[in-house]
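Here are some notes for a colleague who has not yet looked at this structure. Please read them with the model open.

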Amino acid sequence: MNETPQTCDLLIEAGFVVPVQPHGVVLEDHAVAVSNGEILAVLPTAQARARYAAKQVVSRPDAALVPGLVNAHAHNPMTLLRGIADDLPLKVWLQQHIWPIEGAVIGPEFVADGITLAIAEMLRGGTTCANENYFFPDVQAATYKRHGFRARVGLPVIDFPTAWASSDDEYFDKAGEVHDQWRDDALVATAFAPHAPYTVNDANFERIRMLADQLDVPVHLHLHETAQEVQQSLEKYGQRPIARLDRLGLVNDRLIAVHMTQLTEAEIRLVAERGVSVVHCPESNLKLASGFCPACALQRAGVNLAIGTDGCASNNDLDMFGETRTAAFLAKAVAEDAAALDAFEALRAATLGGANALGFGDRIGSIEPGKQADLVCVDLGAVETQPLHHVVSQLIYATGRHQVSDVWIAGKPKLLQRELVDMDMAGLIANAKQWRTRIAAIRTQ
């Protein structure tokens, strides 16, 4: 006697399902059943058709279904500054170009419009979650929520007045207000985002450590990004930046350390022992000539490794497929080992590694029953990914973001057959053009 099929909202049938967890697995001709935004089951397509009566079936026989990519470090409002000041070292780029322009344009409108443009770009590239680091976190959170995009929004702290806050107390007061507003949201969460060791004093770091513990949120900051940063810390504090943060109690499993291009073997052991997550942003580091993150050494030491694009002003895109490929290649060159950060490890860093860094590993980052259905279909039937000898090899070393066909966040469609759902592409482009005009006028003043 046949059992009555179980109802589900969505059944995605794919030529290949790459669950990420368990590691190193590719499931051929499998399907994922989704209900109420959660993954119900991962099983062979024939069994899925017998077991489930789906309200909607999406069949992609030439596609790989992967977890949504997690951009573990981004400054997404800066999408509107893409290409503003290229081919410059970090300090000159930041202090003489980016900060002055930001000072003239930054505000709620700039933040909302930049993030909206970024969301469209990320969705078209298979990214479903971002770790945001910028000002006006209240506007950031509302914008991500409005578009149904998953994010952890940084609560900025920096030692000088900005358009967001004019004093230490105001930064912390506003951080508390934003955290309280979003503390129970299903898609948007918060983290403390002190800019960097060279722009945040000891007292504020100690305050962040205390509040991060109380509120149970991560601390997301740029760390050991350049040799100059390390040298300045030695001159000012008599300690390397990570040693200073350790003295202040911040080197722990809440820390999301971004860049980390300047590390000793002892420092690698320290971050591994303390459970720190490291976000590797290879293209920004290469473009600004900041240095090389020892990604392979970190990963082999047991450090949770994630991947981020950084901001569009220093990358200049939000292409996580491209970023992950660069991360894998660079890891091999730096380690002088062709086996370093292999294709499966690179994909894990771009998905579950990022989810774990953000504290979201219990809900996203892999295709497992009970997790949120943040899912991405990648068309591998194109000439650029043929013949298909090894699915994950093709995903990391051959696939372009233009091959992302479909995206879901919490089971809701965001991209279907390359078309954005509920986003006005023409309007986005027109708005970006008016920002170009406004910023050009500022630069000629």
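The numbered points below go through a predicted model.

1. Annotated domain. The UniProt record, an unreviewed entry, places the feature "domain: Amidohydrolase-related" at residues 65-412. Over residues 65-412, helix makes up 43% of the chain and strand 17%. The C-alpha atoms at the two ends of this stretch are 15 Å apart.

2. Nonpolar cores. The largest nonpolar core has 128 residues, and the members that touch the most others are L81, W93, Y144, F192 and L395. Another core of 15 residues lies apart from it, with L10, V34, V58 and L375 among its members. Beyond its neighbours within four places in sequence, W93 has contacts that include M78, L88, I98 and L288. A313 and S314 are also among the contacts of W93.

3. T326 and its partners. T326 belongs to helix 12, which covers residues 320-335. With a relative accessible area of 18%, T326 falls under the 20% cut-off and is therefore buried. Its side chain makes a polar contact of 2.7 Å with the side chain of E283. Leaving aside neighbours within four places in sequence, T326 is in contact with P282, E283 and L286.

4. Cysteines. The count of disulfides is zero. For C312, the nearest cysteine sulfur is that of C281, 12 Å away. Why is C377 in no such bond? The closest cysteine sulfur, in C8, is 15 Å from that of C377, which is too far because a disulfide needs the two sulfur atoms within 2.5 Å. Both cysteines discussed here are buried: C312 has 1% relative accessibility, and C377 has 0%.

5. Cis peptide bonds. One cis peptide bond joins N315 and N316, with omega about 25°. N316 sits in the loop between strand 12 (304-307) and helix 12. A cis bond also joins Q386 and P387, where omega is about -10°. P387 is in the loop between strand 13 (375-379) and helix 14 (391-397). A reader checking the backbone may wish to look at both places.

6. Positive phi values. L341 is a residue other than glycine with a positive phi, near 40°. L341 lies in the loop between helix 12 and helix 13 (343-358). Is L341 buried or exposed? At 0% relative accessibility, L341 is buried. Q417, also not a glycine, has a positive phi near 50°. Its place is the loop between strand 15 (412-416) and strand 16 (419-420). Q417 counts as exposed because its relative accessibility of 57% is over 50%.

Methods. Residues are numbered from 1 along each chain as its sequence is written. This is a predicted model: local features need pLDDT of at least 70, side-chain atom pairs count only at pLDDT 80 or more; totals for chains, interfaces and linings use all residues. Side-chain values use heavy atoms; hydrogens and water are left out. Helices (H or I, at least four residues) and strands (E, at least two) are DSSP runs, numbered from the N terminus. Buried means under 20% relative accessible area, exposed over 50%, partly exposed in between (1.4 Å probe, protein chains only). A polar contact is a pair of N or O atoms within 3.5 Å; within protein, one must be able to donate a hydrogen and the other to accept it, and residues adjacent in sequence count only if both atoms are side-chain atoms. Contact means heavy atoms within 4.5 Å. A nonpolar core is a set of buried Ala, Val, Leu, Ile, Met, Phe, Trp, Tyr and Cys residues joined through side-chain atoms within 4.5 Å. UniProt positions are given in the numbering used here, feature names are shortened, and annotations may be inferred rather than shown by experiment.
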